[in-house]
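Here's a quick briefing to read alongside the model. Have the viewer open and follow along.

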Amino acid sequence: MSRAEVEQKIHDMLDQVEASRVGMTRGEVPTLERYPEQLAQLSSDVLALSDEDSIELKALLNLLRDDLAQLSWEMGEIARRLRAGDDDDDETSEQAASSE
């Protein structure tokens, strides 16, 4: 695989991550199951390139890793807030039931 092809695959995955973020703003839940497999394949593809190309693409690959870590954190924050909201709703329901 050529450097240009690997670089395009990394950019495509960065676009997927951004699309996941956009989807989250619409209430969609992104599926992250394939991301580790795709990232592992991209890492392998980068390492298979010449040393010069590999070094240059590692920075882009690190950006992708950071972006995936940030997306994972954002999803965790959303889940935490939703759980906290559910807990608040449960407490409100219990208080309303006990006051009757």
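A residue counts as buried when its relative accessible area is under 20%, and as exposed when that figure is over 50%. By that yardstick, 28% of the 100 residues in this protein are buried. Keep in mind that this is a predicted model.

**Overall layout**
- The secondary structure is three helices and zero strands, so if you like shorthand, starting at the N terminus you'd write α-α-α.
- Take the contacts between residues at least 6 apart in sequence: 73% of them link residues at least 24 apart.

**How α1 and α2 pack**
- Two packed helices get described by the angle between their axes and the distance between those axes.
- For α1 and α2, the angle is about 160° and the axes sit 10 Å apart.
- Angles over 145 degrees count as roughly antiparallel, and α1 and α2 are therefore roughly antiparallel to each other.
- The crossing of α1 past α2 is left-handed.
- On the α1 side, the residues that meet α2 are Val6, Lys9, Ile10, Met13, Gln16, Val17 and Ser20.
- Their partners on α2 are Tyr35, Gln38, Leu39, Leu42, Asp45 and Val46.

**The nonpolar core**
- In soluble globular proteins, nonpolar side chains tend to be buried together.
- Here the largest nonpolar core has 18 residues, and Ile10, Met13, Leu61, Leu64 and Leu68 touch the most other members.
- Helices α1, α2 (35-47) and α3 (51-99) each give two or more residues to this core, with α3 supplying the largest share, seven residues.
- Leu64 is worth clicking on: setting aside neighbours within four places in sequence, Leu64 is in contact with Ile10, Met13, Leu14, Val17, Leu39 and Leu42.

**Arg21, a charged residue to look at**
- Is Arg21, in helix α1 (residues 3-25), buried or exposed?
- Arg21 counts as buried because its relative accessibility is 14%, and the cut-off is under 20%.
- The side chains of Arg21 and Glu74 are joined by a polar contact of 2.9 Å.
- Beyond neighbours within four places in sequence, the contacts of Arg21 are Asp67, Gln70, Leu71 and Glu74.

**Ala48, out in a loop**
- Ala48 lies in the loop between α2 and α3.
- Ala48 counts as exposed because its relative accessibility is 65%, and the cut-off is over 50%.
- Ala48 and Met1 are 47 residues apart along the chain, yet their C-alpha atoms are separated by 8.4 Å.

Key: Residues numbered from 1 in each chain as written. Predicted model: local features only at pLDDT ≥ 70, side-chain atom pairs only at ≥ 80, totals over all residues. Heavy atoms only, no water. Buried < 20%, exposed > 50% of the residue type's maximum accessible area, 1.4 Å probe, protein only. Polar contact = N/O pair within 3.5 Å; in protein donor to acceptor, adjacent residues only side chain to side chain. Contact = heavy atoms within 4.5 Å. Core = buried A, V, L, I, M, F, W, Y, C linked by side-chain atoms within 4.5 Å. Helix = DSSP H or I, 4+ residues; strand = E, 2+ residues; numbered from the N terminus. Axes fitted to C-alpha atoms, helices over the stretch in contact; angles between N-to-C directions. Parallel < 35°, antiparallel > 145°, perpendicular 65-115°, else oblique. Left-handed = near helix turned anticlockwise from the far one by under 90°.
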